[in-house]
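Student: Could you take me through one part of this structure closely? I would like to see how a sheet is put together and what surrounds it.

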Amino acid sequence: QLEAFRVRSNNGPNRPSAMADLGQFPPEAELDDLRAYRELVLLGWNRLLEPRPTGARRSFPLGKMKSTVELLPSKTLDTRPDGKLWATPMDRLLTPASLEDLGDFVLGAPADQNREIADLVALLDDADRETLPYHVSVATRSILLVQHAPGFRPTEAPFMFVGQRQKIEKIVAVPWEVAAELAEGLPEAAELGPVLVIQMTGRCGSTVLSKAMEWLEVGCQSVSEPEVVTDIHEMLERGLCSRADAVQALRTVLLLLIHQRRRAQPDKPMIVIKNRSLSCCWRHCELLPEALPEVKQIFQYRRLEDVIGSFHVATEANMVSNTARLAHQCAQDRLLWMLTGSPIVTFMRRMVKTMEEDPAIAWAPTDQECGGGLKLDIDVQKFVACGSLGFQTLRNVLAAHASVMLGRKGLWACTLSYEDLMDRKSACVADLLRELGWLHLVPDPQRLGTPEGDKVFSKDAHSGGGLAKVGGSTLGGDARHLQIIKQQRHGALDNAHLPSWQAEMVRELLAQHEPLRVMDYDLSALDAKSKSVSAKARPQMGGA
C-alpha cells in the first residue's frame, strides 16, 4: 500500500549561490504567505507558550501512496491542526488545508485495484454526496478527496475550503498517478467547456463577482478559493516537485473539480473558479495554459491603497490579543514581533527577494512598457518599521508585481476593476461575458444591466466565511468613495478604510517599488492582447 519516499531536500550545499542569503527555496521552518498572515491575527504573549509555527506541510513518515485508501481522521477537520477550536474566524481562513487537519489519522482498507478507477468515478458522479479535491499532499504523493453528507453543498460557502471542513462522510487519498488516470478518463479531459479562472489582488470584489454570476442565473456556478491551487504553488515555491509534476497535478485537480460541478449542476455549464490572492498562489498561473489550454484567466484588481486598507481593518477585527490590537492601531506591532520572536520578518525578506530575483516574475529593466530602465531597490526595513500595515503593503506590492509580470506574458484574457464592477454591477457582468464570448450561453441576457439584476450585489457574498460585512465597500459598493474616485482621476484620494496618517504611510511604502510607482500602479490592460472590461482608467495608487 505504501512505499518508502522522501521529499527532496531543498537545503543542501548545492544551492545556487545567487540565493545564498535566504536560500533558493524556503527552509522547513520558514512561513508561507498565509501562515505569515495568520501570525498577525494570533500575535500576542500567548504565542510564547505555543509551538513555533512552520511553513511547509509536515513531512509525514507514511511514504508514497501506492493505491487508493480511505483515511480515518482522529478529529474533525473544522478545528486547528492541534485539535483546538479556531481562535477567530480568520484563524480558519489563514490555515491552509493539509494532512494535519486529520489529526493522528489511520489508514482504512486499500481499494480493490480491479475496481479502483470505477469506484472513484462513482464517488465523483454521486451528485447527492458531493466529493471534491481537498489537498495535494507531497509527503504521500496523493490527492485527498473529501465526500460530504447527503445534500450538503461545500461550494455554497463563501470559501470552498470552509465548506469542505464540514459534514464529512469520507476522506480518500488517491495516488497522483491513479488520480491522473482517473481525470484523463473524464469527458472534460476531451472537451472542457467554458471555464473561467479569476486571479486577483484580494479584497477587490472577486467573491462578489463570482457569487453574483451565480445568483444572476446566467448559467454560471462558482467555486471560491480551492486550496489545491495554493498547494501546487507551495510545492513549487519550496522546490518539492518538478514543473511537470505541478502541471499534471493542476490539470488533474481541476478536471476532477470541473467534472464534479457539472454532475452536481448540469444546468449551469459555465464554471467560475475564483482563487486566493496572487500573493499566495501566483506560480500556478503560468502552468494553466499548459495544463488546460481552454481555460480563460482574467485579472481582477482594485485601487491598491484601498486593498491594503481593507486587509488592515479585517486583520484588526480578528486579532485575539487586545495588546496586539492596540499596537496594530498605532502601527507599533513590530515591537511585539521582536518580543515574541515572530517569524514574520523573515517572510517579508523572502517577498522582496522573490520580486528581485525569481526568474518567473523578475523585473525586466529593458521592458520600456513596464518601467523600463528602473531597477528594484526595496528597503524591507521600511516596511518592517510600519508593522502589520507594512506587511500588508508588501504582500500586496508582491501581488501587483506578479500581476504585471504575468499580464505582460499574455495570461489575462481581460482585466476588471472593483470600482467599475461596483459602479456598473450587472452591466459589467454582461460586458465580461461578452468579452469572453459566452454571452450567448446566458438564458436571459436582457436581465443584465437592469435594476433587478443589480439587486444581487446587495447580498453579502462573504456571509458565513468569517469576513461578513455589515455595510460599506462590498455591499453594493461604498457609493460615496466610488463617486470620489469616479470624479477625481489624479492626485491623492481619501482611503476607503484608513485614516489619513496611515494612508500616507502606505503611499510612502508603495513608492518603494519604483517601476510600479512610475506606472501609477495601473493594473488594468497589461499587454497587447488583454482588454480592460472597466469603462475608464482610474487612479490606483492614490497620488503617491
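Tutor: What follows is a look at one sheet, strand by strand, and then at a pair of helices. This is a predicted model, in which local features need pLDDT of at least 70 and side-chain atom pairs count only at pLDDT 80 or more, while totals for chains, interfaces and linings use all residues. Residues are numbered from 1 along each chain as its sequence is written, and side-chain values use heavy atoms, with hydrogens and water left out.

The sheet is open and has six strands in the order β9-β10-β8-β11-β12-β13, with parallel pairing. Its edges are β9 (220-224) and β13 (531-532); each has a single partner strand, so one side of each is left without a neighbour in the sheet. Strands here are DSSP runs of E with at least two residues, helices are runs of H or I with at least four residues, and both are numbered from the N terminus. Two strands pair if DSSP finds at least two bridges between them.

Take β8 (residues 195-200) next. Five bridges join β8 to β11 (residues 296-301), and the two run parallel. Within this pair, Ile198 is opposite Ile298 of β11.

Now back to the edge strand β9. Its pairing with β10 is also parallel and covers five bridges, with Cys220 opposite Met270 in β10. Five of the five residues of β9 are buried, so this strand is largely enclosed by the rest of the structure. Buried means under 20% relative accessible area, exposed means over 50%, and partly exposed lies in between, with a 1.4 Å probe and protein chains only. In a regular strand the side chains alternate between the two faces of the sheet. In β9, Cys220, Ser222 and Ser224 point one way, Gln221 and Val223 point the other way, and all are buried.

Helix α7 (residues 206-215) lies across β8, β9, β10 (270-277), β11 and β12 (414-417), and runs at about 150° to β9. Such angles run from 0 to 180 degrees between N-to-C directions, and the axes are lines fitted to C-alpha atoms, for helices over the stretch in contact. Contact means heavy atoms within 4.5 Å.

Last, the helix pair. Helix α11 (residues 304-318) packs against helix α21 (residues 500-510) at an angle of about 125°, and their axes are 10 Å apart. The contact involves Leu304, Glu305, Ile308 and His312 of α11, with Gln502, Ala503, Val506, Arg507 and Leu510 of α21.
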